Every structure is written in structure tokens, then in C-alpha cells.
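Work through the exercises below with the structure in view. Try each task before reading its solution.

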Amino acid sequence: MLRDRSLKEALLRRDEIYRKLPEVSKIDNEIKSIGVEISKSIFLKPQESKKLLYELKSKLSILKKKKADLLKSNGYPETYLEQKFECNICKDTGYVNNKRCRCFEQKLINIYYRQSSIENITKKENFSNFNFYYYSDQAIGDKLSPRENIKNIVESSKNFIKNFDTERESLFFYGDSGLGKTFLSNCIAKELLDKGKVVLYRTAPDLIEGLRINKLNSDSNSYFEYLELLRDCDLLIIDDLGTEPITPFSLQEIFNIVNTRLLLNKKFIISTNLPLSEIVNIYPERLCSRIFGNFKMLNFYGEDIRLKRKIII
């Protein structure tokens with residue numbers, strides 16, 4: 001559809017120029033004739049073909065320059081008659097070398113964002129609106145104060161964004177609910193989306209339910225397309241790990257996603273309200289070892305920020 005629209009617009013621009021500058025139409029016809037002559041030249045003897053090709057290409061170059069000068073002298077850009085694409089990589093086909101183009105991937109991501117409302121959420125939940133003063137500055141035993149702790153976590157998050165293309169480590173947020181794990185995930189998502197990265201956010205229950213529904217839909221390739229999207233996006237955010245139904249299916253699917261993406265050097269943010277001791281008890285050792293070995297573990301603690309925000313407001 002995009003290609004059809006861009007072609008239609010190019011044809012309208014061509015008709016406009018041909019009406020206003022008939023000379024351009026004559027030049028285009030000469031260019032077409034030369035194109036035909038070039039095609040015919042391949043049937044000549046090598047020496048004759050080489051000489052004719054040189055002459056034809058020289059004429060072609062002169063005509064193209066004449067056309068560009070004519071457009072420019074009449075106030076039009078030299079590229080005015082060219083077909084314009086939203087994506088110059090795939091020329092709006094959505095595919096490059098039989099693989100989905102990044103522009104197509106991002107369109108799919110945008111659909112998921114609209115479905116999950118995160119597109120609107122990131123307008124509010126971003127670093128500009130992150131308030132350290134919701135966190136207490138009182139130390140807890142031998143720990144840093146919640147405020148100093150969250151400052152360190154935010155600094156790690158910003159380093160994660162800064163070094164996104166060069167470092168392999170992912171982020172694992174854990175701690176009680178209401179401490180800003182999802183908020184900070186959305187802050188990171190916004191920054192990377194603004195940098196043109198393909199980011200997908202799913203809660204753990206939605207992730208598993210999406211895989212289950214698509215897998216049951218045997219009449220389409222939706223399961224494999226969804227799996228491909230989960231595998232190939234630049235950043236996959238899995239929120240609320242541990243709230244999904246714990247079944248053989250969910251455990252296997254989560255392991256497959258984590259293992260496959262790590263092998264491809266793809267990044268994650270995984271968040272959970274569960275303590276690490278429960279994570280180890282619930283999930284198989286092969287999954288836990290991959291998480292502990294490839295993720296930076298960041299512990300959120302302190303008072304419930306959501307409750308505190310309501311009281312302050």
C-alpha cells in the first residue's frame with residue numbers, strides 16, 4: 001500500500017512537470033530510448049558492445065544533467081520526479097533479502113504498543129518525570145538509603161542505554177511492588193525508542209497468553225511470527241515475572257525466549273516482585289543460571305512509591 005501510494009504521488013508529480021515543462025517529457029523519452037539501446041547492445045560483439053555502451057552512457061549522463069538543471073532552474077528539486085519511500089532500505093516492501101525490514105518490525109511493535117497503552121504511558125513515565133524524593137534518604141541497616149540505591153539503579157539504567165550497542169549485559173529488576181520497576185523500564189523503553197531501537201514490552205502473563213493463543217491457531221503462522229518478533233526485537237521487556245501461570249508450557253517458552261535471545265546477543269529487562277530465593281525455587285536451574293550469568297541484578301527497596309505519591313498529591 002505504501003509503495004502504491006508513493007508511485008501514485010510520483011506519477012502525479014510527473015504529470016505536473018510534463019504539463020509545465022514539456023521539455024522534460026522529451027528528455028525522458030530520449031532516456032527511455034537509450035535504455036532500450038543499452039539492452040540491445042548485449043547482443044553485439046564484445047568490442048562493438050563496449051564502444052556503443054560508452055557512447056550511450058555518455059549521452060545518458062548528459063540528458064540526466066540537462067533534466068536536473070531544467071528542474072532546478074524552474075524552482076524544483078533535482079529529485080522531484082523520483083519515487084519517494086518512507087523506508088529507503090526496503091523501498092516500502094517491508095522485506096530485505098527475504099527478511100522483514102526494521103521498518104516492518106517497528107510497525108508491528110507500534111501495534112503492540114497501542115494494544116498495551118505503553119505508547120501513552122511513556123509520555124508520562126520517562127526520566128524527565130522521575131522523582132528521587134519519593135524515596136527515603138534514611139539508611140536501612142547496613143544498606144544504602146532507598147534514595148541512594150535508586151540513584152545507583154538509575155545510573156546503571158542510563159549506562160545500559162548509553163552502551164546498548166556495545167555491551168551484552170541485560171537488566172534484572174527485583175523487589176517489592178510499588179518501587180518503580182515498571183516506571184524505570186518505561187523510562188528506558190522511551191529513550192531507546194527515541195534512538196530508533198525496536199522495543200517490545202509484555203507482562204509475563206500477556207507474553208505467555210500470546211504464545212499460547214498463537215500456538216493454538218493452527219491455521220496461520222501467527223505463533224512463529226510472534227516468536228520471531230520476540231526473538232528479534234532490540235530490547236524485550238518482560239514485566240511482572242512470576243505472575244504468569246507456572247506450567248510446563250510457560251516454563252519452557254520463557255526458557256526458549258531467554259536462551260535464544262542471549263545466543264543472539266539480544267538485550268532484556270526483566271522485572272519481578274519476587275525475592276531471588278523464590279525465583280530459584282520456581283524456575284529451573286538452567287533458566288536461573290542464564291539470568292544470573294547474563295543480567296545485572298538490581299534490587300529495589302524502600303516504601304511503596306505509588307502509595308507515597310498518592311499521599312503527597
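**Exercise 1: a strand and its partner**

Find the strand that pairs with β4 and say how the two run.

Solution. This is a predicted model. Start at β4, then look at β5, residues 235-239. Five bridges join the two strands, and they run parallel. Now pick one residue: Arg202 has Ile238 in β5 as its bridge partner.

**Exercise 2: helices on the strands**

Which helix lies across β4 and β5? Which strands does helix α10 touch?

Solution. Take β4 and β5 again. Helix α8, residues 204-216, lies across both. Its direction is at about 95° to β4. Next comes helix α10, residues 248-263, which packs on the sheet. Helix α10 touches β5, β6 (267-272) and β7. The direction of α10 makes about 150° with that of β6.

**Exercise 3: the whole sheet**

Give the strand order of the open sheet and explain why β4 and β7 each have one side without a neighbour.

Solution. Read across the five strands: β4-β5-β6-β3-β7, with parallel pairing. β4 (199-203) and β7 (295-300) stand at the edges. Each has a single partner strand, so one side of each has no neighbour in the sheet. On average, neighbouring strands are turned by 15° against each other, direction ignored.

**Exercise 4: the largest pocket**

Describe the largest pocket by volume and lining.

Solution. The volume is about 400 Å³. The lining has 16 residues, with Asp28, Ile31, Lys67, Leu81 and Glu82 nearest the centre. Elements giving two or more residues are α1 (2-20), α2 (22-41) and α3 (46-73). α1 gives the most, with five. By class, the lining holds eight nonpolar, one polar and seven charged residues.

Terms used
Residues numbered from 1 in each chain as written. Predicted model: local features only at pLDDT ≥ 70, side-chain atom pairs only at ≥ 80, totals over all residues. Heavy atoms only, no water. Pairing = 2+ DSSP bridges. Helix = DSSP H or I, 4+ residues; strand = E, 2+ residues; numbered from the N terminus. Axes fitted to C-alpha atoms, helices over the stretch in contact; angles between N-to-C directions. Contact = heavy atoms within 4.5 Å. 1 Å grid on protein atoms, 1.4 Å probe; cavity = no way out; pocket = protein on both sides within 12 Å on 5 of 7 lines; lining within 4 Å. Points joined across faces, edges and corners; volume = space filled by probe spheres on them. Nonpolar A, V, L, I, M, F, W, Y, C, P; charged D, E, K, R; others polar.
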